[in-house]
Amino acid sequence: GGRDGWSALVDPPGEMGTGGNERGAFASGPFTTGLWEREPDTWSFERPYHEVAVILAGEADIEEPDGTVHTVRAGDVLITPEGSKGTWQIREKIVKFYAIYDRRARD
């Protein structure tokens with residue numbers, strides 16, 4: 001549906017400076033869930049938390065440091081444990097549902 005309640009990502013990483021949006025759905029202590037979307041762009045990451053995501057729309061390649069490339073698209077489940085590193089290359093606007101466990105968060 002619409003984008004009521006979505007917020008622009010603050011200073012999203014990327015080589016092209018494209019924006020994105022996010023909408024939180026649930027937060028309690030170290031657990032958060034929500035929706036996230038990004039326009040095509042490329043950036044490297046290192047996860048400070050555990051995340052499980054369901055790709056709802058779009059397509060991207062995620063390259064691991066060893067060169068392994070995983071293509072994700074609508075319907076795929078993506079698991080990135082704390083400490084995961086790699087590079088996102090979004091080819092088509094990505095929309096995902098995410099569930100994060102961040103042990104650094106407190107109630």
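How many bridges join β5 to strand β7, and do the two run parallel or antiparallel? The answer is 4 bridges, and the strands run antiparallel. Strand β7 covers residues 77-80. One facing pair to look at here is V52, which stands opposite I79 in β7.

Before I go on, a reminder: this is a predicted model.

Stay with β5, residues 50-63. Strand β8, residues 85-101, is joined to β5 by 12 bridges. That pairing is antiparallel too. Find E63 on your screens. Across from E63, in β8, sits T87.

Next, β6. This strand spans residues 69-73. Five residues separate β5 and β6 in their hairpin. The pairing is antiparallel, over 5 bridges. Here I62 of the pair faces H70 in β6. Look at G67 in the same hairpin: G67 takes a positive phi near 95°.

So much for the strands. Now the pocket.

How much space lies in the largest pocket? About 380 Å³. Which elements give two or more residues to its lining? They are β3 (31-38), β4 (42-46) and β8. So β8 turns up again: β8 pairs with β5, and β8 also contributes to this lining.

The lining has 20 residues. Nearest the centre of the pocket are P13, W36, W43, R47 and Y49. By class, the lining divides into 12 nonpolar, 1 polar and 7 charged residues.

To recap: β5 pairs with β8 over 12 bridges, with β6 over 5 and with β7 over 4. The largest pocket holds about 380 Å³ of space.

Definitions and conventions: Residues are numbered from 1 along each chain as its sequence is written. This is a predicted model: local features need pLDDT of at least 70, side-chain atom pairs count only at pLDDT 80 or more; totals for chains, interfaces and linings use all residues. Side-chain values use heavy atoms; hydrogens and water are left out. Two strands pair if DSSP finds at least two bridges between them. On a 1 Å grid over the protein atoms alone, a cavity is a set of points where a 1.4 Å probe fits but cannot get out, and a pocket is an open set with protein on both sides within 12 Å along at least five of seven lines; lining residues have an atom within 4 Å of a point. Grid points are joined across faces, edges and corners, and a volume is the space filled by probe spheres set on the points. Ala, Val, Leu, Ile, Met, Phe, Trp, Tyr, Cys and Pro count as nonpolar, Asp, Glu, Lys and Arg as charged, and the others, Gly among them, as polar.
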